[in-house]
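Trainee: I'd like to go through this model and ask, for each label, what it rests on. Could we start with the contacts to the DNA?

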Amino acid sequence: MKVKSKNFNIKQIADSGQCFRMKQIEENKFGLVAYGRYLELIQVDDETVELSCDEVEFQQIWENYFDLTYYYGAIVADLVTGEDSFLKEAAEYGKGIRILRQEPFEMLISFIISQNKNIPSIKQCITRICETYGETKHYGEGSQIEYHTFPTPEKLAAAEKEELRALKLGYRDEYIIRASQAVQSGSINLPELMLCSHEEAVSALKNIHGIGDKVANCISLYGLHHIEAFPIDVWIKKVLSEIYQNSFSVDRYQGYAGIVQQYMFYYKRYLDGAR
DNA sequence: ACCCAGGCCTGGA
DNA sequence: TCCAGGCATGGG
């Protein structure tokens, strides 16, 4: 089925650093694993995306996953008509980005892995984790496409440190096991953190060994959908110092700073030629 | 050989 | 409270 929106660009979302499980299959065609399912997406034109699912599955899963009931056009319009020239360009450049509603546990682990790594390396680590501990499923006519779901907390909580080391996770092995055990035991309750405030969520997340301010903010934004979160990584630091001389006011964008942060991140990486 | 990547932890000023 | 160094790993 097809979705029409001026603010829905698959390539931009895949390259925005929030999702590590979208894989480009062809020009304008991507494959994605989430919520135990596989989905293919085709960017038909600037305003049209075709999804390989029926209406029912769309309404049950993907409409929510891509946050399609939220109108990003209003925020883009506000920024491109505003007086901040950097954000004006950034919003125009990344106007097809949306903040996905990904699975909280997957985001918890993914952003623990993300520390001190570049995006291609993060993707490789997560792929290996899914292949090793996830469920193997099949998709399509003749089920010729094999895919791997993200593992459950129970699976990762029971993993051995040496096993994870073999997946090239480095010193993060113990962080991952302990965080998974915290979820499994209920000492951290992700659905609950989704209902409480962003600040409460961040402070709870930071109690987990290996989660500091930046990673906690990423989990809050991408895993719990607290869109007021404003994660500051090396790229955002560069923006804040180089563009704003460290005088950027997040408060100006209260309530949706996370979306502004995404435009900044995506545009700055483009400007600096990151890959 | 060095430096960096969607950083965090520990120990010492 | 702030800072330096260490930490696994891969890529430029």
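Trainee: What makes the pair between N116 and a base nitrogen of DNA strand C a polar contact?

Mentor: Keep in mind that this is a predicted model. In it, a polar side-chain atom of N116 sits 2.8 Å from that base nitrogen of DNA strand C. The cut-off is 3.5 Å between N or O atoms, so the pair qualifies.

Trainee: And what puts Y171 in contact with DNA strand C?

Mentor: There the backbone does it: an N or O atom of the Y171 backbone lies 3.2 Å from a sugar or linking oxygen of the strand. That value is also within 3.5 Å, so this is a polar contact too.

Trainee: Which residues surround DNA strand C?

Mentor: N116, R165, K168, G170, Y171 and R172. Of the strand's atoms that come within 4 Å of the protein, 61% belong to sugar and phosphate. By type, the residues near DNA strand C are 1 nonpolar, 2 polar and 3 charged.

Trainee: How many residues surround DNA strand B, and which are the closest?

Mentor: 29 residues surround DNA strand B, and the closest are G17, N118, I119, Y171 and Q261. Sugar and phosphate make up 59% of the strand B atoms within 4 Å of the protein. This surface divides into 11 nonpolar, 12 polar and 6 charged residues.

Trainee: How do you know that S16, G17 and G212 make polar contacts with DNA strand B?

Mentor: Take the distances in turn. A backbone N or O atom of S16 is 3.1 Å from a base oxygen of DNA strand B. For G17, a polar backbone atom lies 2.6 Å from a base nitrogen. The backbone of G212 places an N or O atom 2.9 Å from a phosphate oxygen. Each is within 3.5 Å, so each counts. As for elements, α12 (213–223), α13 and α14 each give two or more residues to the surface near DNA strand B.

Trainee: Why is α12 called mostly covered?

Mentor: Buried means under 20% relative accessible area, and 9 of the 11 residues of α12 meet that, so the label fits. They are V215, A216, N217, C218, I219, S220, L221, Y222 and G223. These buried residues pack against α5 (104–114), α10 (190–195), α11 (198–205) and α14. Just after α12, H225 has a positive phi of about 55 degrees.

Trainee: Now α4 (residues 85–93): which of its residues are buried, and why are they said to be on the same side?

Mentor: F86, L87, A90 and A91 are buried. They cover an arc of only 120 degrees around the axis, so they are on the same side of α4. Their cover includes α3 (72–80), α13 (234–243) and α14 (257–271).

Trainee: What makes D84 a cap for α4?

Mentor: A side-chain oxygen of D84 lies 3.1 Å from the backbone nitrogen of F86, at the N-terminal end of the helix.

Trainee: Last one: how many helices and strands does chain A have, and why is the chain called compact?

Mentor: Chain A has 14 helices and 7 strands. Its radius of gyration is 18 Å, close to the 19 Å that the globule rule gives for 275 residues, so chain A is as compact as a globular protein of that length. Buried residues make up 53% of the chain. Among contacts between residues at least 6 apart in sequence, 64% join residues at least 24 apart.

Notes: Residues numbered from 1 in each chain as written. Chains lettered and ligands numbered in written order. Predicted model: local features only at pLDDT ≥ 70, side-chain atom pairs only at ≥ 80, totals over all residues. Heavy atoms only, no water. Near = heavy atom within 4 Å. Polar contact = N/O pair within 3.5 Å; in protein donor to acceptor, adjacent residues only side chain to side chain. Nonpolar A, V, L, I, M, F, W, Y, C, P; charged D, E, K, R; others polar. Buried < 20%, exposed > 50% of the residue type's maximum accessible area, 1.4 Å probe, protein only. Helix = DSSP H or I, 4+ residues; strand = E, 2+ residues; numbered from the N terminus. Arc of directions from axis to C-beta. Contact = heavy atoms within 4.5 Å. Rg over C-alpha atoms; globule rule 2.2 N^0.38 Å.
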